[in-house]
Amino acid sequence: MVIFSSCTKQSIQDLPSREGMPDQESWEVNIILTDQGMIRAKIRSGHLEKYNEKEFIMLDSSVTVDFFDENENHTSRLICNIAEVNEKSNHMKAIGNVSAISDSGITLYTDTLVWNSRDEKMSTNCEIMLTTEQKDTLYGVGFESESDLKNWIILNPSGVTTRELNEG
């Protein structure tokens, strides 16, 4: 008995293009960003796409980032729909339903937030809402702070406070 098999040759033109496709994909990922061996941030996501040529990582499912101080103490948590990480600089852009919650009780809400890994600062040019541990609610356009949400600045602020004004 002789069995013959035939192969169909496809031309390269018939094969799907990889252009625009990720070089790697991972699910349920954990990324640790360090500075001189010290943990500065831990990133978790349900899905990751890595693009080698662009030196770019996209996280697009249940993104959570925990930030740590120079002694590796937890300082804040950032939650967003999507995060883009520049692999050269480790700078991250959080996009969609962004909330940053400090361990001291400050919470920031915005649509887009950039984390500069070198300066360890967060910033945005978008509209923001910030709530404080004293139950203040502040609004504005533009924001900058350290990763622990201390020493924050709101550009064009407005809001409501329950504090008494001290005259004197």
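Two strands pair if DSSP finds at least two bridges between them, and the elements themselves are DSSP runs numbered from the N terminus, with at least two residues (E) for a strand and at least four (H or I) for a helix.

**View 1. Overview of the predicted model.** The model is predicted, so local features need pLDDT of at least 70 and side-chain atom pairs count only at pLDDT 80 or more, whereas totals for chains, interfaces and linings use all residues. Residues are numbered from 1 along each chain as its sequence is written, and side-chain values use heavy atoms, with hydrogens and water left out. The protein contains 12 strands and zero helices, and its order along the sequence reads β-β-β-β-β-β-β-β-β-β-β-β. Of its 168 residues, 36% are buried (under 20% relative accessible area with a 1.4 Å probe and protein chains only; exposed is over 50%, partly exposed in between). When contacts (heavy atoms within 4.5 Å) between residues at least 6 apart in sequence are considered, 34% of them join residues at least 24 apart.

**View 2. The hairpin of β1 and β2.** Strand β1, which covers residues 24-35, pairs with β2 in the antiparallel sense, and 11 bridges connect the two strands. Beside the turn, T34 has I39 of β2 as its bridge partner. Two residues lie between the strands of this hairpin, in which Q36 adopts a positive phi near 55 degrees.

**View 3. Strand β9 and its pairing with β8 and with β10.** Strand β8 (residues 107-116) meets strand β9 (residues 121-131) in antiparallel pairing over seven bridges, and N116 is matched with K121 in β9 as its bridge partner. The hairpin of β8 and β9 has four residues between the strands, and E120 in this hairpin takes a positive phi near 55 degrees. On leaving β9, the chain passes through a further hairpin, in which five residues separate β9 from β10 and K135 in the turn has a positive phi of about 70 degrees. Here β9 and β10 (residues 137-146) are again antiparallel, with nine bridges between them, and M122 finds its bridge partner in β10 at S145.

**View 4. The largest nonpolar core and the surroundings of L78.** This core (a set of buried Ala, Val, Leu, Ile, Met, Phe, Trp, Tyr and Cys residues joined through side-chain atoms within 4.5 Å) has 29 residues, and L59, L78 and M92 are those with the most contacts inside it. Strand β7, which spans residues 92-102, gives the most to this core, contributing four residues. Leaving aside residues up to four places away in sequence, L78 touches V63, T64, V65 and F67, then M92, A94, V98, S99 and A100, and finally L113 and M122.

**View 5. K50 and its salt bridge with E87.** K50 belongs to strand β2 (residues 38-51) and counts as buried because its relative accessibility is 18%. Residues up to four places away in sequence aside, K50 touches P22, D23 and Q24, together with F56, I57 and E87. With E87, K50 forms a salt bridge (a side-chain nitrogen of Lys or Arg within 4 Å of a carboxyl oxygen of Asp or Glu) whose closest N and O atoms are 3.3 Å apart. The pair links distant parts of the chain, since E87 sits in the loop between β6 (82-86) and β7 while K50 is in strand β2, 37 residues apart. E87, with a relative accessible area of 29%, is partly exposed.

**View 6. Two further salt bridges, E55 with K88 and K121 with E144.** The side chains of E55 and K88 come together in a salt bridge at 3.8 Å, N to O. This pair also links distant parts of the chain, with E55 in the loop between β2 and β3 (56-59) and K88 in the loop between β6 and β7, 33 residues apart. E55 counts as partly exposed because its relative accessible area is 32%, whereas K88 is exposed at 68%. The second pair is K121 and E144, whose closest N and O atoms are 3.9 Å apart. K121 lies in strand β9 and E144 in strand β10, so that distant parts of the chain, 23 residues apart, are linked. At 32% relative accessibility K121 is partly exposed, and E144 is likewise partly exposed, with a relative accessible area of 36%. In addition, R44, D66 and R77 are joined into one network by salt bridges that share partners. The count of salt bridges in the model comes to six.
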